[in-house]
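User: Could you walk me through how to read some features of a protein model? I would like the general idea each time, and then the case at hand.

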Protein chains: 2
Amino acid sequence: MTDAINRSQIESTLRRFDAGYRHFLHETPLMKLPGAALGVDCAEVWLKLEQLQASGSFKARGMLNRLLSNPIPTRGVIVASGGNAGIATAAAAKLLDVPCEVFVPRISSPAKQARLRALGAALRVTGNAYADALAACLERQKETGALLTHAYDQIEAVLGAGTLAAEVDAQAGAAPDTVLVSVGGGGLIAGIASWYANTVTRVIALEPELAPTLHAARQAGEPVDVSVSGIAADALGAKRIGSIAWPITQKHVQQSLLLRDEAISKAQLWLWQHLQIAAEPSASLGLAALQTGVYQPKKDEKVCLVICGANLDLATLKI
Amino acid sequence: MTDAINRSQIESTLRRFDAGYRHFLHETPLMKLPGAALGVDCAEVWLKLEQLQASGSFKARGMLNRLLSNPIPTRGVIVASGGNAGIATAAAAKLLDVPCEVFVPRISSPAKQARLRALGAALRVTGNAYADALAACLERQKETGALLTHAYDQIEAVLGAGTLAAEVDAQAGAAPDTVLVSVGGGGLIAGIASWYANTVTRVIALEPELAPTLHAARQAGEPVDVSVSGIAADALGAKRIGSIAWPITQKHVQQSLLLRDEAISKAQLWLWQHLQIAAEPSASLGLAALQTGVYQPKKDEKVCLVICGANLDLATLKI
């Protein structure tokens with residue numbers, strides 16, 4: 001399955017975006033800073049400002065790619081997610097003018113439900129937990145035959161995520177020495193690690209201590225369920241590393257590091273207070289790793305952080 | 001006086017920044033979008049993301065340049081401003097490790113006062129209006145001999161602002177057809193218009209209807225006092241166009257356009273809701289001009305907007 005995910009396929013995906021979808025999917029800026037600008041003792045820190053992406057996160061790349069790569073039934077697309085994947089699916093469906101049905105549990109935030117409705121999605125609020133919404137979604141999909149999108153465990157989503165890394169290299173004129181990537185279900189890191197597979201660029205996985213899907217899988221030697229909680233659970237709260245991401249990360253991800261919620265929260269606030277970047281907690285793990293020393297770069301190192309999303313309640317950023 | 005403000009001097013200023021101050025002053029990203037991404041019928045809209053600048057606005061360029069271009073007395077620097085110029089002066093003073101005294105009126109916001117204190121400035125809260133704080137500042141300056149920085153009417157501030165335009169051209173590999181620039185005292189537009197003087201790039205001035213310093217001066221044929229109010233008065237609330245900006249804008253600014261507060265506010269919200277860019281009202285006039293049609297670009301036009309600041313209360317961005 002993962003043979004279909006390689007540099008050439010990622011380049012094809014990027015060409016498809018470039019050819020006709022740049023009014024929707026942005027080439028997000030790459031901001032290069034000296035390490036000292038962030039209080040980090042390394043040559044450069046590159047911020048891939050993917051929080052400026054359509055739909056507010058990198059997920060738009062994968063969800064658009066999923067919709068472009070498959071025939072879309074008359075009943076449109078269907079997804080279970082009140083988070084970034086749901087918003088990205090609804091945004092891509094709106095762009096392509098196809099119906100979109102989104103299943104979310106009752107605990108999903110009113111702000112995100114409002115955003116989904118504003119994107120024209122038919123919203124189904126079902127059950128108390130994500131699992132309930134997913135079950136209802138899958139049942140409904142059998143009935144309607146709509147195209148199902150998955151937040152991370154589909155090849156198209158991983159290829160879409162990989163285009164982000166391809167952009168970084170083109171924008172910088174060279175690859176970074178290291179990329180720090182937040183991991184939930186692993187779609188983003190699988191795409192990035194596939195791009196940098198068998199190159200000198202190292203890919204490092206970052207997870208909250210309270211949502212350690214990859215870290216737990218590495219310890220167990222296979223994907224295992226973990227309990228998830230904490231401030232980034234909204235975006236990184238997959239229960240288990242994805243079946244596509246697992247073998248790719250085993251081959252091409254050098255390290256798996258964990259971060260405390262306090263450090264993530266502090267980095268998120270730092271991004272706003274010092275760089276005026278409004279990012280969600282899941283997008284702040286890279287800076288947290290650098291500023292806490294959980295990841296210590298060499299002095300001459302060029303480190304790329306992926307600021308992967310900004311679907312947040314601004315009230316949480318108030319000083 | 002304005003003979004000292006030209007392309008060559010702006011290039012020198014940029015070289016000085018590049019040589020030793022990039023750990024503080026950022027080369028802010030340029031985000032290129034097809035006009036359609038913003039609902040605008042033109043080829044491209046470029047967003048110069050200057051709200052990501054150190055101190056939260058473009059003012060850091062001019063204030064740092066002011067401090068680097070003059071001997072700094074032992075008593076340091078002094079400024080009257082509770083807004084972006086004050087914050088930028090305090091940030092530059094902190095960088096250079098010199099004392100900074102800031103005079104603000106009692107009406108200045110607690111958030112900005114806290115930010116000034118966090119930057120290590122000695123804060124003097126004096127009088128009910130800006131004029132009172134300024135009078136106290138000038139009296140104190142005579143006493144201490146500290147270096148005075150002015151928000152817009154000093155050559156160094158204008159040259160600093162001009163470096164922003166020099167960066168745009170270098171980042172894009174070409175100059176835009178048009179640049180839309182918000183005007184308060186005119187420091188930013190004077191720098192940008194000096195950079196593009198006698199080129200094919202047109203520079204357009206944008207002001208709130210409720211703070212029309214340049215527009216009123218053009219109608220009167222000379223700088224005149226105006227009364228200022230409205231949502232962008234915090235940043236664009238100079239009472240009169242600057243003495244440096246006036247002759248430069250008369251020569252090199254093609255149009256002066258006015259915008260309603262409602263349009264500015266709508267554009268500000270659009271920037272957050274669709275691009276996750278947190279910007280202050282003064283930074284939203286360019287998008288407002290495009291989205292309302294107050295400025296109508298040609299179909300093949302490449303328009304650059306300067307997103308000039310993000311010193312805002314995030315509560316104002318809540319949906």
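Analyst: Gladly, and let us begin with burial. Buried means under 20% relative accessible area, exposed over 50%, and partly exposed in between, using a 1.4 Å probe and protein chains only. Helices (H or I, at least four residues) and strands (E, at least two) are DSSP runs numbered from the N terminus. In chain B, 9 of the 9 residues of helix 7 (residues 187-195) are buried, so this helix is largely enclosed by the rest of the structure. Among the buried residues are Gly187(B), Leu188(B), Ile192(B) and Trp195(B).
Before going on, a word on the ground rules: this is a predicted model, where local features need pLDDT of at least 70 and side-chain atom pairs count only at pLDDT 80 or more, while totals for chains, interfaces and linings use all residues. Residues are numbered from 1 along each chain as its sequence is written, chains are lettered from A and ligands numbered from 1 in the order in which they are written, and side-chain values use heavy atoms, with hydrogens and water left out.

User: What covers the buried residues of helix 7 of chain B?

Analyst: Here we look at contact, meaning heavy atoms within 4.5 Å. The cover includes helix 1 (7-20), helix 6 (155-172) and helix 10 (245-252) of chain B, together with strand 7 (178-182), strand 8 (202-208) and strand 10 (302-306) of chain B.

User: Now the interface. How many residues of chain B are in contact with chain A, and what is the area buried between them?

Analyst: Buried area is the accessible area (1.4 Å probe) that two parts lose on being put together, summed over both. Here 28 residues of chain B are in contact with 28 residues of chain A, and the buried area is about 2200 Å², with carbon and sulfur atoms giving 69% of it. On the chain B side, Leu52(B), Gln276(B) and Leu314(B) lose the most area to chain A, together 27% of what that side buries.

User: Which kinds of polar pairing should I look for there?

Analyst: Two kinds are worth checking. A salt bridge is a side-chain nitrogen of Lys or Arg within 4 Å of a carboxyl oxygen of Asp or Glu; across the interface of chain B and chain A the rule finds 0. A polar contact is a pair of N or O atoms within 3.5 Å; within protein, one must be able to donate a hydrogen and the other to accept it, and residues adjacent in sequence count only if both atoms are side-chain atoms. Between chain B and chain A, 5 residue pairs are in polar contact, both residues being at pLDDT 80 or more. Strand 1 (30-34) and helix 11 (261-275) of chain B are the elements that give two or more residues to the side touching chain A.

User: How are the two chains related?

Analyst: Copies are superposed by least squares on the C-alpha atoms of residues with pLDDT of at least 70 in both. A rotation of 180° with 0.0 Å of shift along its axis superposes chain B on chain A, with RMSD 0.0 Å. That is the relation of a two-fold axis. In addition, 100% of the interface residues of chain B are also interface residues in chain A, so the copies meet through the same surface.

User: How many salt bridges are there over all chains, and what do they link?

Analyst: The search finds 26 over all chains. One joins the side chains of Arg22(B) and Glu167(B) at 2.9 Å, N to O. This pair links distant parts of the chain, 145 residues apart: Arg22(B) lies in the loop between helix 1 and strand 1 of chain B, and Glu167(B) in helix 6 of chain B. Arg22(B) is buried at 14% relative accessible area, and Glu167(B) is buried at 2%.
For a local case, take Arg140(B) and Glu143(B), whose closest N and O atoms are 3.1 Å apart. Being 3 residues apart in helix 5 (residues 130-144) of chain B, Arg140(B) and Glu143(B) are separated by about one helical turn. Arg140(B) is partly exposed at 22%, whereas Glu143(B) is exposed at 60%.

User: And how should I read backbone phi angles?

Analyst: Most residues other than glycine have a negative phi. Gln276(B) has a positive phi of about 55° although it is not a glycine. Gln276(B) sits in the loop between helix 11 and helix 12 (285-292) of chain B and is buried, with a relative accessible area of 3%.
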